[in-house]
Amino acid sequence: MFGPEHPNALIIGGNLAEAYLDAGRVGDAISAFEQVLPGFDRVFGDNHPDTLAIRHHLADAYGRSGRRGAIAMARQMIDRWRQAPAGNPDLRAAVVDVDNDVATLLADAGRAAGRFGYEDAARALGAAADRIGGAAATVVVVGEYKRGKSSLVNALVGRPELLPVDEGVATSTLLSVGYGETDAATVIDAEHPHGRPIALDELADYAAVDPQTRLPRHPEVLEVKVTVPSALLGEGVTLVDTPGVGGIVAGHAAATLAALPHADALLFVASGTSELTVSECQFLAQAAELNGTVCFVLAQTDKYLQWSVVLDRNRDLVRQYAPRYAGAPWFPVSSRLRSAADEVAATAPEQAARLLADSGFPALTTALTDDIAARATRIRQYDAVTVCAQVLLELIRRRGALLVGMPVEPAELTALYDRSVALLRALEQAPRSGVVPLGIADKRDVRLPK
């Protein structure tokens, strides 16, 4: 019989914990992972790939349960992966070479499919490769009316007058801001599903509520898209400004919630002048069911010197109403200081640097590019390699049907399939510094091929 620390017993225990996690039994998963982890440390070593995989899944489970230690454990995981011993090249490759590995695998599999005459498979693999770099990470910016969402978007892209922020003006529809070589804006409605161009100075007419009637000036508008040349957006981020969720216009909260399942992350904007309202807490409770990746922004910190008291209270409210978000980071920022830094950047660079640091924006920008955008890329890579594995399995099946009586499957296709499965496991285990440490499978319903 196996003892409790026999390698096979540990692996079976780890598989049971993963099954609990897949079934949504997070508490049972945490107990099971915590039970086997000390054995993995002693038997395999704390830097063995299987031990690190158990730690990764435990951090994932902590994140889903709302435990405060989830972020710290995820950071420890990143350090362990990056400091893996030189004698373990496969482990280091999971961190360093994954981008090249994915691209090479998809290219090799596409060429092999073409040589075997499977042009449909080659096209499918090409399309999967295109999707990896073809879309920016979508970050939906939400919050109550006049919390500073539009000002925040303007400050992030370095255009203080891009979106309308006048007193009494409120966003009435989804308004996405993405990267473009030149300024442009388009309106999408039922008659123009592919969009029709408008001038930037018309944004208030098409994307804002009339301050007198509190009704949209153009209720037929479904979405407004803006592109500008911005360094942040060029890093692979698209920001989506949304209507306020506080009920100023009926249906705004529902429209904003509908956008969350399709987003890579949620950027929730609260005011530094007062704690979260009941409607904000209720919205967060609903949002936590739809999207697991969130950053909190405490805006307008320049207006209230005691904003840190508000921040502590808000953390307590999030733990109470949306425990899934309890471990998410908060970024206190001042859009006014960020805009002031941009204004003097050319004439007084030292003053601009001080203002920028005081604004709090550098940390937020880093989270958007290094955490959220990078995590979105990993998810798309995982999806692409999953498609690759499935295509290769089908090609192996077809070749086996053609070569009746042959004792082995075509070696090239089998080797490519083995590479795809190994890369899927590397993508599952490699660190993705997600703002809330959730596994890839939590964001996309995918499973490793058997």
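Visitor: Which strands does helix α8 lie across, and at about what angle does α8 run to β8?
Guide: This is a predicted model. In it, helix α8 spans residues 149-157. The helix lies across β1 (137-142), β3, β8, β9 (265-271) and β10 (294-299). Its angle to β8 is about 160°.

Visitor: How do β3 and β8 run, and how many bridges join them?
Guide: Strand β3 covers residues 174-179, and β8 covers residues 237-241. The two run antiparallel. The number of bridges joining them is three.

Visitor: Which residue in β8 does Leu175 stand opposite?
Guide: Strand β3 holds residues 174-179 and is joined to β8, residues 237-241. Opposite Leu175 in β8 stands Asp241.

Visitor: Which are the edge strands of the open sheet?
Guide: Nine strands form the sheet, with mixed pairing. Their order is β5-β4-β7-β3-β8-β1-β9-β10-β11. An edge strand here pairs on one side only. That leaves β5 (196-198) and β11 (330-332).

Visitor: What does the twist average from one strand to the next?
Guide: The sheet is open and has nine strands. From one strand to the next, the twist averages 25°.

Visitor: Which helix gives the largest share of the largest nonpolar core?
Guide: That core has 40 residues. Leu152, Leu156, Val177, Val226, Leu239, Leu267 and Leu364 touch the most other members. The largest share is seven residues, from residues 361-402, helix α16.

Visitor: Which residues does Leu239 touch, not counting those up to four places away in sequence?
Guide: Leu239 is one of the core residues that touch the most other members. Its contacts, with that exclusion, are Val139, Val153, Leu156, Val157, Leu175, Ser176, Val177, Leu232 and Leu233.

Definitions and conventions. Residues are numbered from 1 along each chain as its sequence is written. This is a predicted model: local features need pLDDT of at least 70, side-chain atom pairs count only at pLDDT 80 or more; totals for chains, interfaces and linings use all residues. Side-chain values use heavy atoms; hydrogens and water are left out. A nonpolar core is a set of buried Ala, Val, Leu, Ile, Met, Phe, Trp, Tyr and Cys residues joined through side-chain atoms within 4.5 Å. Buried means under 20% relative accessible area, exposed over 50%, partly exposed in between (1.4 Å probe, protein chains only). Helices (H or I, at least four residues) and strands (E, at least two) are DSSP runs, numbered from the N terminus. Contact means heavy atoms within 4.5 Å. Two strands pair if DSSP finds at least two bridges between them. Axes are lines fitted to C-alpha atoms, for helices over the stretch in contact, and angles run from 0 to 180 degrees between N-to-C directions.
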